[in-house]
Amino acid sequence: MDRTLDVSDLPAPEPMERILDTLADLPLDDRLCVLHRHEPYPLYDILRRMGYRWETSSEGDRYRILISPVPERQRLVSRSRQQDVSRS
């Protein structure tokens, strides 16, 4: 099930805070659709570290970011690749 969060009218840093708070309470099978007035580049690294993936689309000056958890198997493969690279 998708949950929509519109943070487009909030001043910084509230959009980031609201997104992270919402993700903390989001069931694992759900996705979060964020509506934002900017592309939230700083959020992407945080999402990656937390085990989420995202798809971003834009229409005019409005961004839609669809966030979902990375399946556990993909997370394990990604971690092992990162460890292999760091050992090289």
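Colleague: Two strands pair if DSSP finds at least two bridges between them; over how many bridges, then, do β2 and β4 pair?

Modeller: The model is a predicted one, and within it β2 and β4 run in the antiparallel sense relative to each other. One of the links to β4 is that of Leu-35, whose bridge partner there is Arg-64. Counted as bridges, the pairing of β2 and β4 comes to five.

Colleague: In what order do the four strands form the open sheet?

Modeller: The pairing in this sheet is mixed, and neighbouring strands are turned against each other by 20 degrees on average, with direction ignored. Each of β1 and β3 has a single partner strand, so one side of each is left without a neighbour and both stand at the edges. Read across the sheet, the order of the strands is β1-β2-β4-β3.

Colleague: Which residue in the hairpin of β3 and β4 takes a positive phi?

Modeller: β3 and β4 pair in the antiparallel sense over eight bridges, among them those from Arg-53 to Ser-68, from Ser-58 to Tyr-63 and from Glu-59 to Arg-62. The hairpin leaves two residues between the strands. The phi in question is near 65 degrees, and the residue that takes it is Gly-60.

Colleague: How far does helix α1 reach from its first C-alpha to its last?

Modeller: Helix α1 covers residues 14–25, which makes twelve residues. At 1.5 Å a residue, a span of 16 Å is expected. The reach in the model is close to that expectation, at 17 Å.

Colleague: Within what arc do the buried residues of α1 fall, seen down its axis?

Modeller: With buried taken as under 20% relative accessible area, the buried residues in α1 are Pro-15, Ile-19, Thr-22 and Leu-23. An α-helix has 3.6 residues a turn, so residues three or four places apart point the same way. The buried residues of α1 line one face of the helix, because the arc that holds them is one of 100 degrees.

Colleague: Which exposed residues does α1 carry on the face turned away from its buried side?

Modeller: The buried residues of α1 pack against β1, β2, α2, β3 and β4. For the face turned away from that buried side, the cut-off that matters is a relative accessible area over 50%, which counts as exposed. The exposed residues on this face are Asp-21, Ala-24 and Asp-25.

Colleague: What angle does the direction of α2 make with that of β3?

Modeller: Both α1 and α2 pack on the sheet, with α1 touching β1, β2, β3 and β4, while α2 touches β3 and β4. The direction of α1 makes about 170 degrees with that of β2. For α2 against β3, the angle is about 150 degrees.

Colleague: Is Leu-26 buried or exposed?

Modeller: Leu-26 has its place in the loop between α1 and β2, and, with neighbours within four places in sequence left aside, Leu-26 is in contact with Arg-3, Arg-31 and Leu-32. Its C-alpha atom is 9.6 Å from that of Ser-68, a residue 42 places away along the chain. Since its relative accessibility is 10%, Leu-26 counts as buried.

Colleague: What is the relative accessible area of Ile-65?

Modeller: Ile-65 is found in strand β4, and the residues that Ile-65 touches beyond four places in sequence include Leu-32, Val-34, Tyr-44 and Trp-54. Another of these contacts is Glu-55, which is ten residues away in sequence and 5.6 Å away from C-alpha to C-alpha. Ile-65 is buried, and its relative accessible area is 1%.

Colleague: Which percentage of the 88 residues in the protein do buried residues make up?

Modeller: The protein has three helices and four strands, which run β-α-β-α-β-β-α from the N terminus on. Among contacts between residues at least 6 apart in sequence, 57% join residues at least 24 apart. The protein exposes about 6300 Å², of which carbon and sulfur atoms supply 49%. The share of buried residues is 31%.

How values were computed. Residues numbered from 1 in each chain as written. Predicted model: local features only at pLDDT ≥ 70, side-chain atom pairs only at ≥ 80, totals over all residues. Heavy atoms only, no water. Expected span 1.5 Å × (residues − 1). Buried < 20%, exposed > 50% of the residue type's maximum accessible area, 1.4 Å probe, protein only. Arc of directions from axis to C-beta. Contact = heavy atoms within 4.5 Å. Pairing = 2+ DSSP bridges. Axes fitted to C-alpha atoms, helices over the stretch in contact; angles between N-to-C directions. Areas by Shrake-Rupley, 256 points an atom, 1.4 Å probe, with all protein chains shown as cover.
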